Amino acid sequence: NLEHQLSIVREELWSEVNIKSEMEEEMKRMRESRLYAEEHNPVSEELRETLGECEAELAQVRVELVEADVRESALQQKLEQAQQRVHDLSSYKPKLEAANIRLQERQGFIHLLR
C-alpha cells in the first residue's frame with residue numbers, strides 16, 4: 001500500500017517535472033520567436049516608434065482636455081455670476097422706474113412753479 005502511494009507520488013512528481021519542462025520549452029520557443037520577429041521585421045521598430053509617438057500625443061491631448069475642463073469650469077462660474085448679477089439688477093428695475101416717475105413728476109411740478 002505504501003509502495004503504491006509512493007508510486008503515485010512519483011508519477012505526480014514526474015508529471016509536474018514534465019509539465020515544467022514543457023512550459024520552459026514553450027517559453028523558450030516564444031522568446032526565440034519574439035527575437036526572430038524583432039530581428040527580421042524592421043516594421044516592428046517603426047511601429048514601436050509610432051506607438052510611442054501616439055502615446056505621447058495621447059498624453060498631451062489628456063493634458064489639454066484637463067486644461068479645457070478647468071477653463072470650462074471657470075467660464076461656467078463666470079456665467080453663473082453674470083446671471084446672478086442680471087437677476088440682482090432686474091430687481092432694481094421697478095424701483096428705478098418708480099424713482100424716474102417721481103423725478104418726472106417733480107420736474108413737471110418745478111416747471112409749473114416757474
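## Charge balance

The protein carries 16 positive and 25 negative side chains. The centres of these two sets lie 19 Å apart. The model is a predicted one.

Part of the negative charge gathers on the surface. Glu 46, Glu 49, Glu 53 and Glu 57 make up a negative patch there. Glu 46 belongs to helix H2, which covers residues 42-90. Its relative accessible area is 53%. The cut-off for exposed is over 50%, so Glu 46 counts as exposed.

## The salt bridge

Side chains of opposite charge can pair when their charged atoms come close. How many salt bridges does the structure hold? The count is one.

The partners are Arg 29 and Glu 26. Their closest N and O atoms are 2.7 Å apart. A salt bridge requires a side-chain nitrogen of Lys or Arg within 4 Å of a carboxyl oxygen of Asp or Glu, so this pair qualifies.

Both residues sit in helix H1, residues 2-40. They are three residues apart, about one turn of the helix. Arg 29 is partly exposed, at 45% relative accessibility. Glu 26 is also partly exposed, at 37%. Partly exposed is the class between 20% and 50%, so both values fall inside it.

## A nonpolar surface patch

Leu 13, Trp 14 and Val 17 form a nonpolar patch on the surface. The patch measures about 340 Å².

Val 17 is part of helix H1. Is Val 17 buried, partly exposed or exposed? With a relative accessible area of 39%, Val 17 is partly exposed. Patch residues need over 30% relative accessible area, so Val 17 passes that cut-off.

## Fold and overall dimensions

The protein has three helices and zero strands. Read from the N terminus, the order of elements is α-α-α.

What is the radius of gyration of the protein? The value is 42 Å. A compact globule of 114 residues would come out near 13 Å. Along the principal axes, the C-alpha atoms fill a box of roughly 135 × 55 × 10 Å.

## Distances along the chain

Two residue pairs give a sense of scale. Leu 2 and Gln 77 are 75 residues apart along the chain. Their C-alpha atoms are separated by 82 Å. Leu 2 is in helix H1. Leu 2 is exposed, because its relative accessible area is 67% and the cut-off is over 50%.

The second pair is Glu 39 and Ala 59, with their positions 20 residues apart in sequence. In space, C-alpha to C-alpha, Glu 39 and Ala 59 are 30 Å apart. Glu 39 also lies in helix H1. At 64% relative accessibility, Glu 39 counts as exposed.

## Surface and burial

How much of the protein counts as buried? Of its 114 residues, the share is 1%. Buried here means under 20% relative accessible area.

The accessible surface comes to about 11100 Å². Carbon and sulfur atoms account for 58% of that surface.

Key: Residues numbered from 1 in each chain as written. Predicted model: local features only at pLDDT ≥ 70, side-chain atom pairs only at ≥ 80, totals over all residues. Heavy atoms only, no water. Patch = residues over 30% accessible without salt bridge, like charges linked within 9 Å, V, L, I, M, F, W, Y side chains within 5 Å. Areas by Shrake-Rupley, 256 points an atom, 1.4 Å probe, with all protein chains shown as cover. Lys, Arg positive; Asp, Glu negative; His and termini not counted. Charge placed at Lys NZ, Arg CZ, Asp CG, Glu CD. Helix = DSSP H or I, 4+ residues; strand = E, 2+ residues; numbered from the N terminus. Buried < 20%, exposed > 50% of the residue type's maximum accessible area, 1.4 Å probe, protein only. Rg over C-alpha atoms; globule rule 2.2 N^0.38 Å.
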